[in-house]
Amino acid sequence: MLATFKIGGVHPPENKLSAKEGIKVLPVPEQVIIPLSQHIGAPATPVVGKGETVKIGQLIAKAEGFVSANVHSSVSGKVVAVDNYIDASGFSKPSITIQVEGKEWEEDIIISSRLECNITYTKDEILKMIADAGIVGMGGATFPTKVKLSPPPGSKAEVLIINGVECEPYLTSDHRVMLEKAEEVIVGVQILMKVLGVNQAIIGIENNKKDAIEKLQAITEKKIGIIVMPLKVKYPQGGEKQLIKAAVGKSVPSGGLPIAVGAVVQNVGTALAVYEAVMKKKPLIERVVTITGKSVKNPGNYLCRIGTPISKLIEAAGGMPDDATKVIGGGPMMGRAMTNIEAPITKGTSGILIMSGKEGIRNEIKTCIRCSKCVSACPMGLEPYLLRTLSENGMLEECEKEKIMDCIECGSCSYTCPACLPLLDYIRLGKGKTGAMIRSRKK
Amino acid sequence: MNTLIISPSPHIHGGDSISKNMYGVLIALIPAFICAVIFFGLGAILVTLTSVVACLIFEYLIQKFLLKQTPTIWDGSAIITGVLLAFNVPSNLPLWIIVVGALVAIGIGKMSYGGLGCNVFNPALVGRVFLLISFPVQMTTWQLPEAFALLPDANTGATPLALLKEAFTSGRPVSELAINYKDLFLGNNAGSLGEISVLAMLLGFAYMLIRKIISWHIPIAIFATIFVFGGILHLIDPTHYITPVFHLMTGGVMLGAIFMATDYVTSPMSHKGMIIFGIGIGVLTVVIRIFGAYPEGMSFAILIMNAFVPLINRYFKPQRF
Amino acid sequence: MNTILITVISLCAIGVVAAIILYFVAQKFKVEEDPRIDTVESLLPGANCGGCGYPGCRGFSETVVKSENMDGLLCPVGGAATMSAIATALGRNAAASTPKIAVVRCNGSCENRPHTNKYDGAASCAVVHSLYAGETGCSYGCLGCGDCVSVCKFDAIAMSTETGLPVVADENCVACGACVKACPKGIIELRNKGVRNMRIFVSCINKDKGGIARKACSAACIGCGKCFKECSFEAIKIENNLAYIDFTKCKMCRKCVAVCPTGAIHELNFPPRKQVVPTVETKEE
């Protein structure tokens, strides 16, 4: 019996169309748009001006405040604009546009792909390197990694959990990273263990990625303290709290952080980025992105430079299908639909999913029959049917009492609802408003 | 390129739908219907058909002309109400009475609250209890079963529970009652047309569990409570109180626990709440059967517990993470 | 007969006993309340809309009675008339207030502002707003799901099927401000009602640069500043590529309307242009 989390969860069709496709390198485009806010927290402040030439890996915007991340140029060339661009959701956001010229790398970056596994740096040095490299959580939440690796005073990490779950249907980028960059990921894990001062790391992988499990198990056999743990396939196992429950059996209390039970969770993509930042001095300028969809000609996994327009990636996979109705950044359960496919790939883009025809259209909404399937599906033990009504009616105090802030927005409720109600739409709205209410109360 | 569609996540749906669940319940009711036809013949078909058609017509009329909604009669819920109402009445009930029952079930039991999803009480049971109180004679004149006869003789008799009640009130020891468990299991006994066969009910239960239409909590809680509570009474005084197995296998316990108490709209939302709900029904059923005026208590027990559902939902929250 | 008699007598007896108990309980647990609260409440419209910022008309009445003067207290529904009635009842002076009305500052009709994508989700502006910029290229304009319509208690705002934008019914609007709060984009503003409902306002809140704004919507304010130059009363200011007309300073001369290149400045309820009489200007305070 494989481990998994206890409450709720669903099992959507996996549709991992690109699982067998190796990582290909996407050609560098003529122009990249690098957003200054690719992370949760304050946008970075630009340190280059229009007309300046930059190298690959050069710092172009500095982190602003504690919860923020550096931004580096992913190409070499000339800055043509430090301006706003229209992002994937249609809002104007500050960004730096660079016209690509040449292929000049920043000097201290080691370009060779030789495996370096001798960690000679101290904890603080590593932490600084991670911060300098602008690494954020690569699973999609884009929380600055340096912040996550600095536990608040008084709390001590006991175990590092590496998220190789990839429970979202369709997405395969983490899967391919684990297969093709297994050694690098493991070194990354060792670096993370050193930073946190823990001697145990668990790599949680869902059992639908047997090849990755075997490969990592073979490597970690000789490494002390790293365990590869196959997990039962169940969504949303990639949720931090769910993964901790599945891996170590501990429940993070409501409103608490994983560190409350001594755990720190990092994505495999982040582990790879940490390896590259520390051992190769390479900042976060590229990432593996899955391009997939049932009508996409060549679904695959591409190593893309940050800032590449999404349309280039779609072209590489055989172009936009004629009947495409929806383009989603991320997976089908938690990804965001996009209005603008000229928007760039960012640090948090784990995949691009194209849906066609009816697939992209929601079912007709019926009335709630109180079947309680949403309650059974909720991995946080909430009552989505109730939260939806409360938040639709603006009853925020009640929402708070019913623990709306615990919602992880996984979408299991909307996915199961036989009446096809937009449960999560309203819950997310209510969660936002309730959060604002709680914050204003503290002031 | 088409205009892109934007919607909030999730972008996929599990494909479950209200009608899938409703028709699933109807499929689960087929074995019971077959049993009814085997033992009660044409009468069972007529009563069921009348009830379903009447429910559909009333639902359509009320939605179209009173509530001014787009009628949704084919979502399956009105058909279920019709079938369950028919399954809760004797097979020789005059057809006009069943039409009245259907009107009460759909009109008062369901539509007066605003339609599917809003009602507090199980519509079929509202109709049934209304008929039981308004037409007590017709509603308790039971056709005796006669296997594989299309038009069985008009022999009427008492249900096992009525016999028990009679014995109980007249002071005769219940242990003298002749109980044929095989007949009870297969359905060869008098009673409402859908409740006679335990076997058919259990088949339906298994089907609904496999299809994940219902969870096990409510029926199992009811069975366990009746067994335990009835068992305690039986152990105290076996001459006075019958074995709990008899309670489980007679009357509407099976039909009620599996098909009526698990009605989505009128049952609690959390698993804890479901178990409390089931225990309440079990206790009330035994209490009504043994100490009440009616030989059968399932319908009343479910309706009473229906009234407590909002309260249960308020105080029995699902297990939080 | 006997049964009926017994029933009647016993019921009466129960009634009498209960009444006596109730009387003493009511005496014992009596809550002293300022009788003026009731008086004030009876003067209020009783819509319990919350437009005043207090929990219903009762809450407002309590605040009014408790407060020393009536500064900042206004029932937006009843308006000045109600407030002066309350002031008279309480023996105080009511502060004068100008009647206001909700104004929708977006002219992004389907024609002016072509759709660039299609929304398929919960029909609520707030949900759309939390998700993305909207169905058109303009990230400031009306989302068209009608949150303002659903919060209006006075039937004063409705979505036009023609333009897809909300339209305020002058005669119904009481300026309670519910729609202002409901609009996630902040399009609706309470402005002076104006003499004979005449109003001039910039019907756009797009802060993008002119070119971007124009590309998204042909009726957008592009911040060109022509109106600013034309205005002789310093009523117009331009900030973040957007013109705003200060209604307290505007003299309703309508010169800005004429010069606006995109037609973003709207005039409402004015007589046809040629019959403009200077008296209109002088009347306005």
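Which helix gives the largest share of the lining of the largest cavity? The legends below take up this point and others in a predicted model.

**View 1. The largest cavity is lined by residues of chain B, among them Met22(B) and Ile80(B).** The largest share of its lining comes from α3(B), with four residues. Both α1 and α3 (77-87) of chain B supply at least two residues each. In total, 19 residues line this cavity. Nearest its centre lie Met22(B), Ile80(B), Leu84(B), Asp263(B) and Tyr264(B). By class, the lining holds 12 nonpolar, five polar and two charged residues. The volume is about 250 Å³. Across the whole structure, a search finds 14 cavities of 30 Å³ or more.

**View 2. The second largest pocket takes lining elements from chains A and B.** Its space comes to about 1300 Å³. The lining counts 42 residues, and the closest to the pocket centre are Lys373(A), Ser376(A), Ala377(A), Thr416(A) and Lys212(B). Two or more residues come from each of α9 (373-377) and α12 (412-416) of chain A, and from each of α1 (18-40), α10 (217-236) and α13 (271-291) of chain B. Helix α9(A) gives the largest share, four residues. The lining splits into 16 nonpolar, 16 polar and 10 charged residues.

**View 3. Four strands of chain A make an open parallel sheet.** The strand order is β11-β10-β9-β12. At the edges stand β11 (226-231) and β12 (263-267) of chain A; each has a single partner strand, so one side of each lacks a neighbour in the sheet. From one strand to the next, the twist averages 25°. Strands β9 (residues 159-164) and β10 (residues 201-206) of chain A pair in the parallel sense over five bridges. One bridge pairs Ile162(A) with Ile203(A) in β10(A). Helix α4 (residues 182-196) of chain A packs on this sheet and touches β9, β10, β11 and β12 of chain A. The direction of α4(A) makes about 150° with that of β9(A). Helix α6 (residues 240-248) of chain A also packs on the sheet, touching β9, β10, β11 and β12 of chain A. For α6(A), the angle with the direction of β9(A) is about 115°.

**View 4. Six strands of chain A form an open sheet with mixed pairing.** Their order is β1-β14-β13-β17-β15-β16. The edge strands are β1 (23-25) and β16 (336-337) of chain A; each has a single partner, so one side of each is left without a neighbour in the sheet. Strand β15 (residues 324-329) of chain A runs antiparallel to β16(A), and two bridges join them. Here Ile328(A) stands opposite Ala337(A). Helix α3 (residues 173-180) of chain A lies across β1, β13 (286-292) and β14 (300-305) of chain A. This helix runs at about 125° to β13(A).

**View 5. Helix α2 of chain B has the span expected from its residue count.** The helix covers residues 42-66, 25 residues in all. At 1.5 Å a residue it should span 36 Å, and the end C-alpha atoms are 35 Å apart, which agrees. Just after α2(B), Lys68(B) takes a positive phi of about 55°.

**View 6. Ser160(C) sits in a loop between two strands of chain C.** The flanking strands are β3 (157-159) and β4 (166-168) of chain C. Beyond its neighbours within four places in sequence, Ser160(C) is in contact with Leu165(C) and Val167(C). Gly144(C) is 16 residues from Ser160(C) along the chain, and their C-alpha atoms are separated by 9.6 Å.

Note on methods:
Residues numbered from 1 in each chain as written. Chains lettered and ligands numbered in written order. Predicted model: local features only at pLDDT ≥ 70, side-chain atom pairs only at ≥ 80, totals over all residues. Heavy atoms only, no water. Pairing = 2+ DSSP bridges. Axes fitted to C-alpha atoms, helices over the stretch in contact; angles between N-to-C directions. Contact = heavy atoms within 4.5 Å. 1 Å grid on protein atoms, 1.4 Å probe; cavity = no way out; pocket = protein on both sides within 12 Å on 5 of 7 lines; lining within 4 Å. Points joined across faces, edges and corners; volume = space filled by probe spheres on them. Nonpolar A, V, L, I, M, F, W, Y, C, P; charged D, E, K, R; others polar. Expected span 1.5 Å × (residues − 1).
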